Amino acid sequence: MNDKHNSESESRHFAAIDLGSNSFHMLVVRQLHDDVQPLFKHKERVRLAEGLDAKNNLSEEAIERGVAVLKTFAEQLTPFPNCTVRVVGTHTLRIAKNRSEFLASARQVFPYPIEIISGQEEARLVHLGVSSSEHLAGNTLVIDIGGGSTEVALGRENSLELGRSHTMGSVSFTEAFFSKGVDKASYKKAKLYAQQQLERFSALFASIGWNQVRCTSGSAQAIATASENLGYDPKEISAKSIKALRKLVVKNELSSKVVKGISEQRLQIFAGGLAILDAVFSSLEIEQAKFSSGALREGLLGEFTASSGDQQDTRTRAIRSLMARYHVDVKHAERVSDTATKLWRQLAPELRLPVFTRRYLQYAALTHEVGLNLNSSGLQKHSAYILEHSNLAGFSFDQQKLVALMVRLHRKKIKKSLVTNLGMLSKKHAIALILILRISVIWHLSRSSEYPEVPKIEFDGERLTLSLDAEVSDEYPLLIADLEREESFCKQYGIDMRIEFLL
């Protein structure tokens with residue numbers, strides 16, 4: 001009885017959900033000690049990319065299809081009340097101008113946060129997924145053909161050296177080049193377009209080199225299946241098998257024998273995926289690759305279950321790398337971060353600040369000076385730009401935007417137009433984090449290793465009160481002057497800031 005209880009208490013459940021352009025996937029596993037046991041997979045074809053119009057707005061029908069699947073996923077997760085769930089949206093949700101409508105509708109039926117990740121982050125996670133599924137020595141080149149984008153990633157084990165996302169997928173290519181059917185001319189045009197997308201980075205990938213190539217995704221699996229049906233090695237895709245399939249596709253001679261094991265839905269976008277993979281093989285001069293079942297979902301789970309680190313460690317490494325790249329004064333940044341953390345702990349209970357905000361506040365404190373080497377004038381603008389537009393591993397668009405927003409408003413005027421609802425955080429909570437960072441930066445403007453104790457802070461959304469020991473006024477006159485100047489900035493925003501001295 002006790003053994004069973006201990007086993008259950010030591011097990012953890014994880015769910016990874018990938019909101020792709022063509023299909024939504026969910027994978028649920030249980031981690032028991034060092035063993036990861038898959039419980040079930042669920043895949044639903046949503047055809048989200050098909051719902052994009054010429055202006056990249058999702059149709060109501062596409063939104064409804066996606067939300068309906070998320071409702072099903074939520075119901076399937078109810079038996080796991082303590083399950084850790086990570087949900088990421090990829091290419092179609094990246095480019096959809098009205099994705100906020102999709103996310104708002106999803107929140108009505110789906111209780112888990114949805115992260116929209118960059119193409120670079122998708123490439124990293126796909127590579128991690130393949131690395132987690134196989135034990136591969138040396139550099140591995142990973143190719144993932146999705147419905148709306150294709151990721152090409154190169155690295156070893158959990159370390160990505162180079163990753164790129166290209167706006168070309170099996171669904172988008174089918175619509176753009178094969179809506180009226182496939183022939184030699186349309187296939188040639190599609191492949192050439194894909195090669196143009198790859199041209200800029202092909203030489204860079206080749207200069208690094210690789211020991212093996214892995215292809216993943218539904219399109220790659222279909223191509224590997226068709227290749228095997230033609231007599232090539234199982235789970236292998238070669239330049240020769242692609243050439244053979246190309247001849248059959250452009251002549252519309254794919255027999256039932258060749259496509260055995262491939263669904264009718266996949267066959268509808270088969271030519272699009274083949275043209276893209278054909279272009280990748282030609283551009284990178286690949287002769288042979290193998291299909292891998294590891295993909296984005298396995299990459300998400302790999303971060304959850306890795307004993308040597310997790311997603312938070314990935315983000316921290318990304319932040320530290322950015323600091324090193326821009327020669328940030330680490331000791332000073334850490335002092336600001338420590339003060340911000342102490343202030344956050346005071347305000348968090350009363351304001352009900354989400355626990356995750358502490359970590360993003362720390363990221364902002366550590367990086368608020370990354371733009372200093374560009375120009376000290378307008379520091380906050382330069383730093384925010386770098387943070388918003390850098391490829392930061394582990395961060396979603398909204399997470400990166402939150403850090404950039406705090407840094408953008410850490411000094412000078414607080415612009416109301418920039419403080420908007422971020423989806424993951426209310427406006428009130430965002431303002432509280434910005435004020436904490438501003439006070440923390442002011443507290444360390446002298447850049448001295450000696451500074452007064454962190455003040456007592458109170459904030460109710462309208463009034464900000466700082467309580468300091470009386471002797472601070474005499475010992476740190478510049479600090480008091482800086483805080484008094486901050487009062488005017490807060491007043492412009494509509495916040496009544498007061499400084500009180502404790503006897």
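T341 is buried, with a relative accessible area of 7%, and its place in this predicted model is within helix α14, which covers residues 330–351. The side chain of T341 has a polar atom 2.8 Å from the backbone oxygen of S337, and a polar contact of 3.0 Å links the side chain of T341 to that of Q362. Once neighbours within four places in sequence are set aside, the contacts of T341 are with R358 and Q362, so that Q362 appears both as a contact and as a polar partner of T341.

**Confidence of the model**

- The protein has an average pLDDT of 90, and 95% of its residues score at least 70.
- Confidence reaches its highest mean, 97, in helix α11 (residues 270–283), whereas the lowest mean, 45, belongs to helix α1 (residues 2–10).
- Over residues 1–9 the pLDDT stays under 50, and the model has 2 contacts beyond four places in sequence for this stretch.
- Where pLDDT is low, predicted coordinates should not be read in detail.

**Strand β9 and its partners**

- Strand β9, residues 212–216, has 5 of its 5 residues buried, and it is therefore largely enclosed by the rest of the structure.
- The cover extends to both faces of β9, with Q212, R214 and T216 buried on one side and V213 and C215 buried on the other.
- Strand β6 (residues 140–145) runs parallel to β9 and is joined to it by 5 bridges; within this pairing, L141 stands opposite V213 of β9.
- Strand β11 (residues 288–291) also pairs with β9 in the parallel sense, here over 2 bridges, and R214 stands opposite K290 of β11.
- V213 and R214, which are buried on opposite sides of β9, thus each have a named counterpart in a paired strand, V213 facing L141 and R214 facing K290 in β11.

**Helix α17**

- Which end-to-end distance should the 12 residues of helix α17 span at 1.5 Å a residue, and does the model agree or disagree? The expected span for residues 397–408 is 16 Å, and the C-alpha atoms at the two ends are 16 Å apart, which agrees.
- Helix α17 is mostly covered, since 9 of its 12 residues are buried.
- The buried residues of α17 are Q399 and Q400, then L402, V403, A404, L405, M406 and V407, and finally R408.

**Cysteines**

- A search of the whole structure returns 0 disulfides.
- C83 counts as buried at 10% relative accessibility, and C490 counts as buried at 0%.
- C215 is likewise among the buried residues, being on the side of β9 that also holds V213.

**S467 and E471**

- S467 is found in strand β13, which spans residues 463–469, and at 8% relative accessibility S467 counts as buried.
- Apart from neighbours within four places in sequence, S467 is in contact with P455, K456, E500 and L502.
- E471 lies in helix α19, residues 471–475, and at 42% relative accessibility E471 counts as partly exposed.
- A separation of 115 residues in sequence lies between E471 and F356, and their C-alpha atoms are 35 Å apart in space.

**Backbone positions with positive phi**

- Most residues other than glycine have a negative phi.
- K235 has a phi near 60°, a positive value in a residue that is not glycine; K235 belongs to the loop between α8 (218–229) and β10 (236–238).
- With a relative accessible area of 55%, K235 is exposed, because the cut-off for that class is over 50%.
- H327, although not a glycine, has a positive phi of about 55°, and its place is in the loop between α13 (311–325) and α14.
- At 62% relative accessibility, H327 counts as exposed.
- Helix α14, which borders the loop of H327, is also the helix that holds the buried T341.

Methods. Residues numbered from 1 in each chain as written. Predicted model: local features only at pLDDT ≥ 70, side-chain atom pairs only at ≥ 80, totals over all residues. Heavy atoms only, no water. Buried < 20%, exposed > 50% of the residue type's maximum accessible area, 1.4 Å probe, protein only. Helix = DSSP H or I, 4+ residues; strand = E, 2+ residues; numbered from the N terminus. Pairing = 2+ DSSP bridges. Disulfide = S-S within 2.5 Å. Polar contact = N/O pair within 3.5 Å; in protein donor to acceptor, adjacent residues only side chain to side chain. Contact = heavy atoms within 4.5 Å. pLDDT = per-residue confidence, 0-100. Expected span 1.5 Å × (residues − 1).
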